[in-house]
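I sat down with a coffee and a fresh notebook page to look at aromatic rings and helices. Here is what I looked up, in the order I went.

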Amino acid sequence: MSNDMTSSFHAKLDADALLAILAEAQDTIRNYDTKAEISGVGFILAVGIVKQAGDSIIVPIEFAMFYVLAGWLVIVIPIIMFALVLYPARFDKTVTSVQPDDVQNVIYFDRRVFPNVDAYIKATNESDWAKEIVFEIMEVSGIRDIKRQRFLRALYWSAGSFTFLFLSQMMRASGALN
């Protein structure tokens, strides 16, 4: 039955289409990296401007500790969250995924699995390339989804940070903390 599925699969979808799907998923991953880098730098610059504007407003000493703690939470956590978008490791995805027995995983080369050239060539020759590419598409799509979730989480946290900074500066400016 597996051979019938594979041959019908090849008849409907050729290798170029599969490779195009894989390339699209990989491009999306790179795009999330770029977005996270740009957003992280933008966040750092924007926080600097907001901080500079708020420095002229005096904070009563009894609230100083709260402002230091809140400042670290509001500023540092979003930066860390944008950095986490960049590094969902390949290791993370292979630990959480299930690999079918008949997939050699030859697209992602691992020296622990293929200790020498001959072992890799043998696995490459014995592979069902439709299954190999589809498996890799599934794996890369998992990374893409992780990056998307982390990026959105960082954006939401950044929005909350800016809201908190705005409200705290408004409170300081209105004298509510005096």
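My entries on ring pairs come first, followed by those on helices.

**Entry 1: the model.** I noted at the start that this is a predicted model.

**Entry 2: counting ring pairs.** How many aromatic pairs does the structure hold? I found 4.

**Entry 3: Tyr32 and Phe151.** I began with this pair, whose ring centres are 6.1 Å apart. The planes meet at 55 degrees, which is not over the 60 needed for edge-to-face and not under 30 either, so I wrote the pair down as tilted. Next I checked where the two residues sit: Tyr32 is in helix H2 (residues 15–54), while Phe151 is in helix H6 (residues 129–174). They are 119 residues apart in sequence, so the pair ties together distant stretches.

**Entry 4: buried or exposed?** I looked up both partners. Tyr32 has 13% relative accessibility and therefore counts as buried. Phe151 is buried as well, at 8%.

**Entry 5: Phe43 and Phe162.** Here the ring centres lie 5.3 Å apart, and the planes are at 65 degrees, so I logged this pair as edge-to-face. Phe43 belongs to helix H2 and Phe162 to helix H6, and this pair links parts of the chain 119 residues apart. Phe43 is buried, with a relative accessible area of 3%. Phe162, at 29%, counts as partly exposed.

**Entry 6: around Tyr32.** I went back to Tyr32 to see what else is there. Ring pairs join Tyr32, Phe82 and Phe151 into a cluster. I also found Lys35 over the face of Tyr32, at 5.1 Å from the ring centre.

**Entry 7: helix H3.** Phe82 took me to H3, where it is one of the buried residues. The others on that list are Tyr67, Ala70, Val74, Pro78, Met81 and Val85. H3 covers residues 64–86, 23 residues in total. From first C-alpha to last it reaches 34 Å, close to the expected 33 Å.

**Entry 8: helix H6.** What span should the 46 residues of H6 have at 1.5 Å a residue? The expected value is 68 Å, and the end C-alpha atoms are 67 Å apart, which agrees.

**Entry 9: the ends of H6.** At the N-terminal end I found a cap: a side-chain oxygen of Asp128 lies 3.2 Å from the backbone nitrogen of Ala130. Just after H6 comes Gly175, with a positive phi of about 85 degrees.

Note on methods:
Residues are numbered from 1 along each chain as its sequence is written. This is a predicted model: local features need pLDDT of at least 70, side-chain atom pairs count only at pLDDT 80 or more; totals for chains, interfaces and linings use all residues. Side-chain values use heavy atoms; hydrogens and water are left out. Rings of Phe, Tyr and Trp (its six-membered ring) pair if their centres lie within 6.5 Å; planes under 30 degrees apart count as stacked, over 60 as edge-to-face and the rest as tilted. Helices (H or I, at least four residues) and strands (E, at least two) are DSSP runs, numbered from the N terminus. Buried means under 20% relative accessible area, exposed over 50%, partly exposed in between (1.4 Å probe, protein chains only). A charge sits over a ring if NZ of Lys or CZ of Arg is within 6 Å of the ring centre and within 35 degrees of the ring normal. The expected span of a helix is 1.5 Å times one less than its number of residues. A polar contact is a pair of N or O atoms within 3.5 Å; within protein, one must be able to donate a hydrogen and the other to accept it, and residues adjacent in sequence count only if both atoms are side-chain atoms.
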